[in-house]
Amino acid sequence: MSVIAATAWAWIPIVLWAAFAQTVRNAAQRTLTAEIGTLAATLVRFLYGLPVAASVVAALCLWGDGLAPRFGWGYAGWIALGAVTQVVATALLLLGMQERNFVLAVAYSKTEVLQVALFSSVLLHELPGAVAMFAMFAATAGVLLLSLPPGVLRGRGGVSFWQGRSLWYGLGSGACFALASVGFRGASLSLGEGIAPWTSGAWGVLWAQLLQSLLLGGWLAARQPAALGGVFRSWRLSALAGSMGAMASLAWFTAYAMRPAAEVRTLGLVEVLFSYLVSRRVFRESLTRAETLGLALVGVGLVAICAQL
């Protein structure tokens, strides 16, 4: 723990790795969604990630300090909050995507970072500083500019920024993703001092993904057993998606043990930057003024959140 404390910047490469691994996982999940359905592809993230999380926990027990943290009811409550709200967030986002203007629901969900700051202040009493708040607002504004279709802010093309159920699905999804981050951060804090961030992170991922696998797997077994079968038939791609997802989660949880959730999620927006730049590189499309401004704002936010250390 003293090594991590002496290098306050260590959480930055950890979050960058988490964002990269999550980008790979998302790409694999998109292919799986077309093959086995959305909920089944979501289950893959948790179910196939369990062996990775369990292996890391076993390695830490064998070659680390050999001791598991003392888990209490408070820890269980925080983990349950994070695990359940993460599943609900995914479900709300999927509902939003079923709307005619699904891109708006996706854009609204990007308000997650600001909602993390709100919930962290209320539930964990972690109030972001002025620089951190500036970074969050700048990065969120940039992501919205990248996510919203052209002309939507002015209501052109029959699409309004405040349109119906897309608004509530998107904001609800962002709120639940935010609560999930706060829950996982709260779980790490409840373990007290003396627990290494990587130990806290590994156990958190194991318990959370176990609960999520049971909840979502049980629902699919009862309601869509055919879809559950597809999870096992597509085991090769599922293993890739699950393992990359688990490695991303291990990094996220480790970062949550080191820094406030709002800061971690703000820097995590680099995933949007990665995906957007790669997509533009592949399709060789030129940037609009709004997109250029959006990228610049995201960049300013990421630099600001790192520079405050």
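Biologist: Let's start inside the structure. Which helices each supply at least two residues of the lining of the largest cavity?

Modeller: They are α5 (73-97), α9 (164-190) and α10 (197-223). Do keep in mind that this model is predicted.

Biologist: What makes that space count as a cavity, and what is its volume?

Modeller: A cavity is a set of points where a 1.4 Å probe fits but cannot get out. The count of cavities of 30 Å³ or more comes to 1, and the largest has a volume of about 50 Å³.

Biologist: How do you know which classes of residue line the largest cavity?

Modeller: Go through the list: Tyr75, Ile79, Phe184, Ala187, Ser188, Ser200, Gly201, Gly204 and Phe253. Gly is classed as polar here, and the lining divides into 5 nonpolar, 4 polar and no charged residues.

Biologist: Why are α12 and α13 called oblique to each other?

Modeller: The axes of α12 (residues 235-256) and α13 (residues 261-268) cross at roughly 140°. Over 145 degrees would be roughly antiparallel, and 65 to 115 roughly perpendicular. An angle of roughly 140° falls between those ranges, so the pair is oblique.

Biologist: Which residues meet where those axes come within 9 Å?

Modeller: From α12 there are Trp252, Ala255 and Tyr256, and from α13 Ala261, Val264, Arg265 and Gly268. By class, that contact has 5 nonpolar, 1 polar and 1 charged residues.

Biologist: What makes the phi of histidine 125 worth a look?

Modeller: Most residues other than glycine have a negative phi. Histidine 125 is not a glycine, yet its phi is positive, about 60°. Histidine 125 sits in the loop between α7 (112-124) and α8 (130-147).

Biologist: And how do you know whether histidine 125 is buried or exposed?

Modeller: Its relative accessible area is 66%. The cut-off for exposed is over 50%, so histidine 125 is exposed.

Biologist: Why is α3 described as largely enclosed by the rest of the structure?

Modeller: Buried means under 20% relative accessible area. In α3 (residues 38-47), 7 of the 10 residues are buried, so the description fits. Those buried residues are Ala40, Ala41, Thr42, Leu43, Val44, Arg45 and Phe46.

Biologist: Phe46 leads me to valine 87. What does valine 87 touch, beyond residues up to four places away in sequence?

Modeller: Valine 87, which lies in helix α5, touches Phe46 and Gln212. A touch here requires heavy atoms within 4.5 Å. For another distance, the C-alpha atoms of valine 87 and alanine 180 are separated by 9.0 Å, although these residues are 93 residues apart along the chain.

Terms used:
Residues are numbered from 1 along each chain as its sequence is written. This is a predicted model: local features need pLDDT of at least 70, side-chain atom pairs count only at pLDDT 80 or more; totals for chains, interfaces and linings use all residues. Side-chain values use heavy atoms; hydrogens and water are left out. Axes are lines fitted to C-alpha atoms, for helices over the stretch in contact, and angles run from 0 to 180 degrees between N-to-C directions. Helices (H or I, at least four residues) and strands (E, at least two) are DSSP runs, numbered from the N terminus. Angles under 35 degrees count as roughly parallel, over 145 as roughly antiparallel, 65 to 115 as roughly perpendicular and the rest as oblique. On a 1 Å grid over the protein atoms alone, a cavity is a set of points where a 1.4 Å probe fits but cannot get out, and a pocket is an open set with protein on both sides within 12 Å along at least five of seven lines; lining residues have an atom within 4 Å of a point. Grid points are joined across faces, edges and corners, and a volume is the space filled by probe spheres set on the points. Buried means under 20% relative accessible area, exposed over 50%, partly exposed in between (1.4 Å probe, protein chains only).
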